[in-house]
Amino acid sequence: DGRRTVHVRWVRSNYLEGEIAASKLTKSMPTPFILEGNLAADLHVTRTERGLLDTWFDSIKLKFAFKSIHQLSDIDLLAKRVNTKILPPFIHISSHGYVDTEKRPCIQLLDDELYLDDPNTIEVFSQFEGYPVFFSACLLGRFQEPIKKFQAAAKLGPIVVSTREIYDYEAMLFGLMLYQCIIRGCLTFEDAVSRCIEALRIIGIKGCKGRGQAYA
């Protein structure tokens, strides 16, 4: 607007929008932070989002952190790097997921099953306090209330999860669009998720049979 200030929006939800003197502004790009659990029983089988994300991030010259996780302690170790070493636009967890008969959502890793209502899981994820979280996994969002309780207990920002079983290509496409909306389109996490859901609806991607919920 012609003045020597710029309007900024912080990624973390506990910061408000506001103005800052242009002379004090340091240019920085977010560092995407992707944690991927095993997606195939055979460790020699390549079933991963990494190749797709490698290509996209390389095309915009953006560095990113991609780590394999096998158990809760891996997430605990890597979470300590956030805030001190990198500032991601959101936390991206890619894995298998399901909801048990008691409506308890669970992430399946190679050596661990992480129930989102387990105190140990909540304690580890609380290190991501304030950050939006994207779970690229089947079924976790089938019931909304358990996700809300997990979000509140771990003090997380907005969470997006799939409401039904999804195919690999659907999960990868959703993730790619989410990065496009936030990093290139400069949308907030909530607006980006809404745009991605609408885009999937337009091109006819609905996931496997569900109960009429949105895709995520």
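## Strand β5 within the parallel sheet

Strand β3 (residues 33-36) and β5 run parallel and are joined by 4 bridges. The model described here is predicted. Across this pairing, E36 has S94 as its bridge partner in β5. A further 4 bridges connect β5 to strand β9 (residues 133-136), and these two strands also run parallel. Within β9, V133 is the bridge partner of I91, and S136 is the bridge partner of S94. S94 is therefore bridged to E36 of β3 and to S136 of β9.

The side chains of β5 (residues 91-94) alternate in direction: I91 and I93 point one way, whereas H92 and S94 point the other way. Both pairs are buried.

## Sheet order and the packing of α5

The open sheet consists of 5 strands in the order β4-β3-β5-β9-β10, with parallel pairing. Its edge strands are β4 (65-68) and β10, each of which pairs on one side only. Helix α5 (residues 168-184) packs on this sheet and touches β3, β5, β9 and β10. The direction of α5 makes about 160 degrees with that of β9.

## S136 in strand β9

Is S136, a residue of strand β9, buried or exposed? S136 counts as buried because its relative accessibility is 6%, and the cut-off for a buried residue is under 20%.

When neighbours within four places in sequence are left aside, the contacts of S136 are E49, H92, I93, S94, S95 and A171. Among these contacts, H92, I93 and S94 belong to β5, and S94 is the residue whose bridge partner in β9 is S136.

## The hairpins of β6, β7 and β8

Strand β6 (residues 96-99) pairs with strand β7 (residues 105-108) in the antiparallel sense, over 4 bridges. The two strands form a hairpin with 5 residues between them. In the turn, K103 has a positive phi of about 65 degrees.

Strand β7 is also joined to strand β8 (residues 113-115), by 3 bridges, and this pair runs antiparallel. The connection from β7 to β8 is a hairpin through 4 residues. I107 takes part in both pairings: I107 is the bridge partner of G97 in β7, and L114 is the bridge partner of I107 in β8.

## The second largest pocket

The second largest pocket holds about 360 Å³ of space. Its lining is made up of 19 residues, and those nearest the centre are Q144, I159, V160, V161 and A216. Two or more lining residues come from each of α4 (144-154), β10 (159-160) and α6 (189-203). Helix α6 gives the most to the lining, with 5 residues.

By residue class, the lining of this pocket divides into 10 nonpolar, 6 polar and 3 charged residues. Strand β10, one of the elements contributing to the lining, is also an edge strand of the open sheet.

## K206 after helix α6

K206 lies in the segment that follows α6. What is the exposure of K206? K206 is exposed because its relative accessible area is 59%, and exposed residues are those over 50%.

With neighbours within four places in sequence left aside, K206 is in contact with R164, E170 and Y215. K206 and R164 are 42 residues apart in sequence, and their C-alpha atoms are 9.1 Å apart in space. E170, another contact of K206, falls within the residue range of helix α5.

Methods
Residues are numbered from 1 along each chain as its sequence is written. This is a predicted model: local features need pLDDT of at least 70, side-chain atom pairs count only at pLDDT 80 or more; totals for chains, interfaces and linings use all residues. Side-chain values use heavy atoms; hydrogens and water are left out. Buried means under 20% relative accessible area, exposed over 50%, partly exposed in between (1.4 Å probe, protein chains only). On a 1 Å grid over the protein atoms alone, a cavity is a set of points where a 1.4 Å probe fits but cannot get out, and a pocket is an open set with protein on both sides within 12 Å along at least five of seven lines; lining residues have an atom within 4 Å of a point. Grid points are joined across faces, edges and corners, and a volume is the space filled by probe spheres set on the points. Ala, Val, Leu, Ile, Met, Phe, Trp, Tyr, Cys and Pro count as nonpolar, Asp, Glu, Lys and Arg as charged, and the others, Gly among them, as polar. Contact means heavy atoms within 4.5 Å. Axes are lines fitted to C-alpha atoms, for helices over the stretch in contact, and angles run from 0 to 180 degrees between N-to-C directions.
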